[in-house]
Amino acid sequence: MTVDAKVLATNLISAVPFARTVGIEITDVRVDGDDISATATLPDEERLHNHVAGPHAGAIFTLGETASGAVVMAAFGEHLALGTPLAVRSDIAYRKLAAGPVQAVARLGRPVSEVLAELAAGERPEFPVAIEVTRADGAVTTEMTVVWTIRPHR
């Protein structure tokens with residue numbers, strides 16, 4: 001499967017106005033078999049800050065969820081005729097104080113073929129996308145998982 005990272009990033013950010021509002025940029029998308037990842041960045045802007053002058057928890061969540069969405073589109077974008085991807089639930093842990101610009105790296109947690117097989121069988125598959133958010137010095141500030149589904153078109 002070949003993914004044009006630039007086109008995917010442009011399409012995702014234009015389809016999700018809130019990600020555009022907070023200034024998220026998808027900077028990388030990689031597909032190597034079932035190893036599918038995406039990187040997104042959040043700028044360091046005062047309008048996004050919390051009470052300790054770092055990015056607000058909501059902005060960090062949005063960054064991680066957007067990176068996970070880029071993974072979903074890279075993995076399943078060519079199969080959208082079969083169903084609609086939707087975030088089902090998420091878990092987030094804030095580990096260290098975030099400051100400055102932050103970056104989220106998201107990775108698909110299940111083989112694409114398994115998810116597509118469930119979808120073809122008429123099921124509504126769920127699959128996790130794990131995300132790490134880091135600050136410029138490389139420290140992991142946030143760990144997050146977003147569980148996605150593909151709701152079949154019926």
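E114 is partly exposed, its relative accessible area being 39%, where partly exposed denotes the range between buried (under 20% relative accessible area) and exposed (over 50%), evaluated with a 1.4 Å probe and protein chains only. The structure is a predicted model, in which local features need pLDDT of at least 70 and side-chain atom pairs count only at pLDDT 80 or more, whereas totals for chains, interfaces and linings use all residues. Residues are numbered from 1 along each chain as its sequence is written, and side-chain values use heavy atoms, with hydrogens and water left out.

E114 takes part in a salt bridge with R110, in which the closest N and O atoms are 3.3 Å apart; a salt bridge is defined here as a side-chain nitrogen of Lys or Arg within 4 Å of a carboxyl oxygen of Asp or Glu. R110, in contrast to its partly exposed partner E114, is buried, with a relative accessible area of 16%. Through salt bridges that share partners, R110, E114 and E118 are joined into one network. By the stated rule, the count of salt bridges comes to eight.

A further salt bridge is formed between E126 and R89, with 3.1 Å between the closest N and O atoms. This pair links distant parts of the chain, since E126 belongs to strand 5 (residues 126–135) and R89 to strand 3 (residues 83–94), the two residues being 37 residues apart. Strands are DSSP runs of E of at least two residues, and helices are runs of H or I of at least four residues, both numbered from the N terminus. E126 is partly exposed at 35% relative accessibility, and R89 is likewise partly exposed, with a relative accessible area of 46%. The side chains of E45 and R47 also meet in a salt bridge, for which the N to O distance is 2.6 Å. Within that pair, E45 counts as partly exposed at 29% relative accessibility, while R47 is exposed, with a relative accessible area of 54%.

At the level of the whole fold, the protein chain contains four helices and six strands, which follow the pattern α-α-β-β-α-β-β-α-β-β when read along the sequence. The radius of gyration of the protein chain is 15 Å, close to the 15 Å given by the globule rule for 154 residues, so the chain is as compact as a globular protein of that length; the radius is taken over C-alpha atoms, and the rule is 2.2 Å times the number of residues to the power 0.38. Along the principal axes, the C-alpha atoms fill a box of roughly 50 × 30 × 30 Å. Of the 154 residues, 40% count as buried. Among contacts with a separation of 6 or more, 67% are accounted for by residues 24 or more positions apart, a contact being heavy atoms within 4.5 Å.

The protein chain exposes about 7,900 Å², of which carbon and sulfur atoms supply 52%, with accessible areas obtained by the Shrake-Rupley method with a 1.4 Å probe and, for residues, only the protein chains shown counted as cover. The chain carries 13 positive and 19 negative side chains, and the centres of the two sets lie 4 Å apart. In this tally Lys and Arg count as positive and Asp and Glu as negative, without His or the chain ends, and each charge is placed at NZ of Lys, CZ of Arg, CG of Asp or CD of Glu.

Several individual positions were also examined. P152, which lies in strand 6 (residues 140–152), is buried, with a relative accessible area of 14%. Leaving aside neighbours within four places in sequence, P152 is in contact with L82, G83, L119, E123 and R124. The C-alpha atoms of P152 and T39, which are 113 residues apart along the chain, are separated by 27 Å.

The loop between strand 2 (35–42) and helix 3 (57–76) holds A53, a residue other than glycine whose phi has a positive value, near 65°. A53 counts as partly exposed at 47% relative accessibility. E46 is also placed in the loop between strand 2 and helix 3 and counts as exposed at 69% relative accessibility. C-alpha to C-alpha, E46 and G100 are 9.9 Å apart in space and 54 residues apart in sequence.

G23 is located in the loop between helix 2 (17–21) and strand 1 (25–32) and is partly exposed at 29% relative accessibility. Not counting residues up to four places away in sequence, G23 touches T41, P43 and R47.
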